[in-house]
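Biologist: Before we go into particulars, could we look at the model together and settle what its terms stand for?

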Amino acid sequence: MIEPGNSTTSTGSEDNGVHATPLTAQLTVGVEEEFLLVDARTFRVVPAAPLVLATAAGLPHEVHPEGTRYQVEISTPVADSAPVLREELATLRRTLARAARAHGCRLLAAPSPVVAVQGPLHLTDDEPRQREQHRRFGALTDTLVSCGRHIHIGTLDVDTAVAVSNRVRPWLPTLIALAANSPFWGGRDTGHASWRAMAWSGWPSAGLPPHFTSTAHFRRSVQTLLGSGAALDTKMVYWDLRPSGHWPTLEIRAPDMSPDIDTAILQAELVRALVATILRDIAEQRPEPALRDDVLRLARWRAAHDGLEGFGLDPYTGAELPAADLAEALLDLAAPELAAAGELDHAAKTLGGLLRDGSGAHRQRAAYARRQDLNDVLHHLADETENF
């Protein structure tokens, strides 16, 4: 295992690799997951969200509409450990899958509908904001029919969230590679492991966040997006990473949606431990490693292109490295905090499984390769989604 660019900061761990006072245990985590609804026979997206949400109305605070009627979203309650988070995700997925089947649908934990959406876009009926978004941004709204996973780490005031955001940025490409699960889009193989990461970057308010010199700089950047017309409101700050506009959290928005819950938990574990590690570095006044934004931008593209099976770029030097090595470097960096929280074994085992069996993108392509049939990809995704 390596440390990219020799720039990975020290974790400040004890000799046994475990912090005497783990910061991870003091941080909470919550996850938002977006799903597509597909017809149980044809596996094409259907605008059934209002019906499915009405059936799942017993969980009014955890189940929500999304930008289109092809989508539904779950939001976990705040959790303080990976086992609690896993239980919440499984319960919510199970409830939503049951509601979907009641209306002849299946739940699809996929970043894209795989095949092209036919006909006009079905926007969420009760959201005039969505119609205004469509009017202003035109064809960009076609990318709304895509699904990501958002991870919230708290409790962080905005000053702390901004400072932590700067130091999480170098790891965004690795998080994209770990989650890569959208090779097919519009009925074709895009040649990328995460086409969602590329398609979503078309929004003027999306992609890598700036490096902020202060909280005031962060707020000016948001106001510039609003004033320029690039965003209707603060909900449209679509950066891969941002201090949440509604909660005292740092929100990581880069990962693709993926079917298996263990991958979701791995992402949450890594992000929470990474934030804890960074908080310790800030408290100990460790300098922030220098980073070139042009290299980071290229590293983000390479992660979206190659995913976990290919190569990535060291965000500090631009050197080409196996994506697996970059993922293991993130695990190494987070390991002391993961161990202190009792989550290192699960994280290491899950990452090892991904490296052995392949990422979501790899598994989709394997499903397609058997008969060259995209329906096999859709069946594979639906089955993995319901494997609680």
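Modeller: A residue counts as buried when its relative accessible area is under 20%, and as exposed when that area is over 50%. The model is predicted. By that cut-off, buried residues make up 57% of the 388 residues in the protein.

Biologist: How does the radius of gyration of the protein agree with that of a compact globule?

Modeller: For 388 residues, a compact globule would be expected to have a radius of gyration near 21 Å. The C-alpha trace spans about 55 × 50 × 40 Å along its principal axes. The radius of gyration found for the protein agrees with the globule value, at 20 Å.

Biologist: Among contacts between residues at least 6 apart in sequence, what share joins residues at least 24 apart?

Modeller: The chain holds 13 helices and 13 strands. When contacts in the protein between residues at least 6 apart in sequence are considered, the share that joins residues at least 24 apart is 76%.

Biologist: Which residue lies 5.5 Å from Ala180 in space, C-alpha to C-alpha, although the two are 127 residues apart in sequence?

Modeller: Ala180 sits in the loop between helix 5 (172-179) and strand 6 (184-185), and because its relative accessibility is 0%, under the 20% limit, Ala180 counts as buried. Leaving aside residues up to four places away in sequence, Ala180 touches Ala193, Ser194, Asp256, Gly307, Ser359, Gly360 and Ala361. Of these contacts, the one that lies 127 residues away in sequence and 5.5 Å away in space is Gly307.

Biologist: Phe43 and Gln372 both deserve a look at the backbone; is Phe43 buried or exposed?

Modeller: Phi of Phe43 is near 65°, which is a positive value in a residue other than glycine. Phe43 is placed in the loop between strand 1 (28-39) and helix 1 (49-55). Because its relative accessible area is 2%, under the 20% limit, Phe43 is buried.

Biologist: And is Gln372 buried or exposed?

Modeller: Gln372 also has a positive phi without being glycine, near 55°, and it is found in the loop between helix 12 (360-371) and helix 13 (374-385). Its relative accessible area is 51%, and because that is over 50%, Gln372 is exposed.

Biologist: Which residue is joined to Gly154 by a cis peptide bond?

Modeller: The bond has an omega of about -5°. The residue that Gly154 is joined to lies in the loop between strand 5 (149-154) and helix 4 (158-168), and that residue is Thr155.

Biologist: Turning to the aromatic rings, is the pair of Phe212 and Trp239 stacked, edge-to-face or tilted?

Modeller: The count comes to 7 aromatic pairs. In the pair of Phe212 and Trp239 the ring centres are 5.7 Å apart and the planes stand at 55°, which is neither under 30 degrees nor over 60, so the pair is tilted.

Biologist: Where in the chain do these two residues lie, and how many residues separate them?

Modeller: Phe212 is buried at a relative accessible area of 3%, and Trp239 counts as buried at 5%. Phe212 belongs to the loop between strand 8 (206-207) and helix 7 (215-228), and Trp239 to strand 9 (residues 238-239), so the pair links distant parts of the chain, and the separation is 27 residues.

Biologist: Which residues form one aromatic cluster?

Modeller: Four names belong to this group, and the cluster consists of Phe137, Trp200, Trp203 and Tyr238.

Notes
Residues numbered from 1 in each chain as written. Predicted model: local features only at pLDDT ≥ 70, side-chain atom pairs only at ≥ 80, totals over all residues. Heavy atoms only, no water. Helix = DSSP H or I, 4+ residues; strand = E, 2+ residues; numbered from the N terminus. Buried < 20%, exposed > 50% of the residue type's maximum accessible area, 1.4 Å probe, protein only. Phe/Tyr/Trp six-rings, centres within 6.5 Å; stacked < 30°, edge-to-face > 60°. Rg over C-alpha atoms; globule rule 2.2 N^0.38 Å. Contact = heavy atoms within 4.5 Å.
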